[in-house]
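Me: Could you take me through one part of this model closely? I would like to hear about the sheet, and then about what lies around it.

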Amino acid sequence: GNVFKMARISTAGAATSADVADGFVEVFTHVMKRSSAPMVEFAERHELSFSQLKMIFVLANAEVAMPIGHVAETVGLSLPAAGRAVDGLVRQKLATRTEDPDDRRVKLVQITDKGTEGIQVIAEHRAAVLRELLEGLPEDELAAMASAVASLRKSVDQTTNREEGRS
């Protein structure tokens, strides 16, 4: 059976944030299941551990090279384990490691074009699964979804700004 509570949100009554969140989890779970093949193939082709796969996603979202210590903290690894994981990413040419020009003791890691291309394939497949779901919606429901997504984006931006200390 499915471990996720399946939310059935009625269009007639008022939905709670918990109902909507449960519905999003259901949809997200469906999309992740349907779009997992490219991620698994990417991980297998490059012999990546789960930690290395998490690292590649962290690096893909970083705008600049990151200190290995920060990457380690983000993915929940010790510094030595993160260093070994980065070694593997560098061997596979998915990341580069350089010295911080301001502090040679600090090693910086950054995703390569090859790593970015792999992540883009995964993201494009996820988007295709979502598009397939959305294509079946009537125009009025699609418009309502667009409005809801715009509201969620604002909420994400506000949360991100608070977390990063910006207002």
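Reply: Happy to; what follows starts with the sheet, moves to the helix across it and the charged pairs, and ends with the nonpolar core.

Please keep in mind that this is a predicted model. The sheet is open and is built from three strands in the order E1-E3-E2, with antiparallel pairing. Strand E1 (66-67) and strand E2 (95-100) are at the edges with a single partner strand each, so each has one side without a neighbour in the sheet. E1 and E3 run antiparallel and are joined by two bridges. One residue to look at there is Met66, whose bridge partner in E3 is Val109.

Now for the helix. H5 lies across E2 and E3, and runs at about 125 degrees to E2. A salt bridge also ties H5 to this edge strand: Arg97 in strand E2 and Asp87 in helix H5 are ten residues apart in the chain, and their side chains meet with an N to O distance of 2.5 Å. Arg97 is partly exposed, with a relative accessible area of 33%, and Asp87 is also partly exposed, at 28%.

That pair is one of six salt bridges in the model. Another joins the side chains of Arg104 and Glu99, at 3.3 Å from N to O. Here Arg104 is exposed at 61% relative accessible area, whereas Glu99 is partly exposed at 39%. Arg105 forms a salt bridge with Asp103, and their closest N and O atoms are 2.9 Å apart. Arg105 counts as exposed, with 71% relative accessibility, while Asp103 is partly exposed at 23%. Through salt bridges that share partners, Glu99, Arg104 and Lys107 form one network.

Finally, the core. The largest nonpolar core holds 24 residues, and Val109, the bridge partner of Met66, is among those with the most contacts inside it, along with Phe42, Leu48, Met55, Ile56, Leu59 and Leu89. Strand E3 (103-111) is one of the elements that give two or more residues to this core; the others are helix H2 (36-45), helix H3 (50-61), helix H4 (68-75), helix H5 (79-91) and helix H6 (113-135). H3 gives the most, with five residues. Leu89 is worth a look too: leaving aside neighbours within four places in sequence, Leu89 is in contact with Leu48, Gln52, Met55, Ile56, Leu59, Leu94 and Ala95.

Note on methods: Residues numbered from 1 in each chain as written. Predicted model: local features only at pLDDT ≥ 70, side-chain atom pairs only at ≥ 80, totals over all residues. Heavy atoms only, no water. Core = buried A, V, L, I, M, F, W, Y, C linked by side-chain atoms within 4.5 Å. Buried < 20%, exposed > 50% of the residue type's maximum accessible area, 1.4 Å probe, protein only. Helix = DSSP H or I, 4+ residues; strand = E, 2+ residues; numbered from the N terminus. Contact = heavy atoms within 4.5 Å. Pairing = 2+ DSSP bridges. Axes fitted to C-alpha atoms, helices over the stretch in contact; angles between N-to-C directions. Salt bridge = Lys/Arg side-chain N within 4 Å of Asp/Glu carboxyl O.
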